[in-house]
Amino acid sequence: RPPRSTLFPYTTLFRSPVCKGKLDYDKAAQELICHFDRLAFSIEKDIPVLLENEAREISPSQSSEQGS
């Protein structure tokens, strides 16, 4: 059986639905982060939820911490 999270190798294929920019994978939070839009998209059962109205806003400090 493959490891629980098979999503990680494919995260470079995903883009922000808002700005079409790069998303960074936050393994601990199970989210894809867009630092430009300051949005965090959840991953549920290894499926990214790339809906703007479902995304969580992140603070500028959170964005710069992970975007460095």
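**Close-up views of a predicted five-strand, one-helix chain**

**View 1. Ala 40 and its partners across the strands.** Ala 40 stands opposite Arg 56, a residue of strand 5. The model shown here and in the other views is predicted. Strand 3 and strand 5 (residues 56-57) run antiparallel and are joined by two bridges. Ala 40 of strand 3 is also the bridge partner of Ile 33.

**View 2. The whole chain, for orientation.** The chain contains one helix and five strands, and their order along the sequence is β-β-β-β-β-α. Of its 68 residues, 32% are buried. Among contacts with a separation of 6 or more, 25% are between residues 24 or more positions apart. The exposed surface of the chain comes to about 4900 Å², and 53% of this is supplied by carbon and sulfur atoms.

**View 3. The hairpin of strand 2 and strand 3.** Strand 2 covers residues 31-34. Strand 2 and strand 3 are antiparallel and pair over four bridges. Four residues lie between the two strands of this hairpin, and Arg 38 has a positive phi near 55°.

**View 4. The hairpin of strand 3 and strand 4.** Strand 4 (residues 47-48) pairs with strand 3 through two bridges, again in the antiparallel sense. Within this pairing, Ile 43 is placed opposite Pro 48 of strand 4. The hairpin has two residues between its strands, and Lys 45 in the turn takes a positive phi of about 55°.

**View 5. Surroundings of Glu 31.** Glu 31 belongs to strand 2. Is Glu 31 buried or exposed? Its relative accessible area is 10%, which is under the 20% cut-off, so Glu 31 counts as buried. The side chain of Glu 31 makes a polar contact of 2.7 Å with the side chain of Arg 56. Leaving aside residues up to four places away in sequence, Glu 31 touches Asp 24, Tyr 25, Asp 26, Ala 40, Phe 41, Ser 42, Ile 43 and Arg 56.

**View 6. The largest nonpolar core.** Eight residues form this core: Leu 23, Tyr 25, Leu 32, Cys 34, Leu 39, Phe 41, Ile 43 and Ala 55. At least two of the core residues come from strand 2, and at least two from strand 3 (39-44). Strand 3 gives the most, with three residues. In soluble globular proteins, nonpolar side chains tend to be buried together. Two of the core residues, Phe 41 and Ile 43, are also among the residues that Glu 31 touches.

How values were computed:
Residues numbered from 1 in each chain as written. Predicted model: local features only at pLDDT ≥ 70, side-chain atom pairs only at ≥ 80, totals over all residues. Heavy atoms only, no water. Buried < 20%, exposed > 50% of the residue type's maximum accessible area, 1.4 Å probe, protein only. Polar contact = N/O pair within 3.5 Å; in protein donor to acceptor, adjacent residues only side chain to side chain. Contact = heavy atoms within 4.5 Å. Areas by Shrake-Rupley, 256 points an atom, 1.4 Å probe, with all protein chains shown as cover. Core = buried A, V, L, I, M, F, W, Y, C linked by side-chain atoms within 4.5 Å. Pairing = 2+ DSSP bridges.
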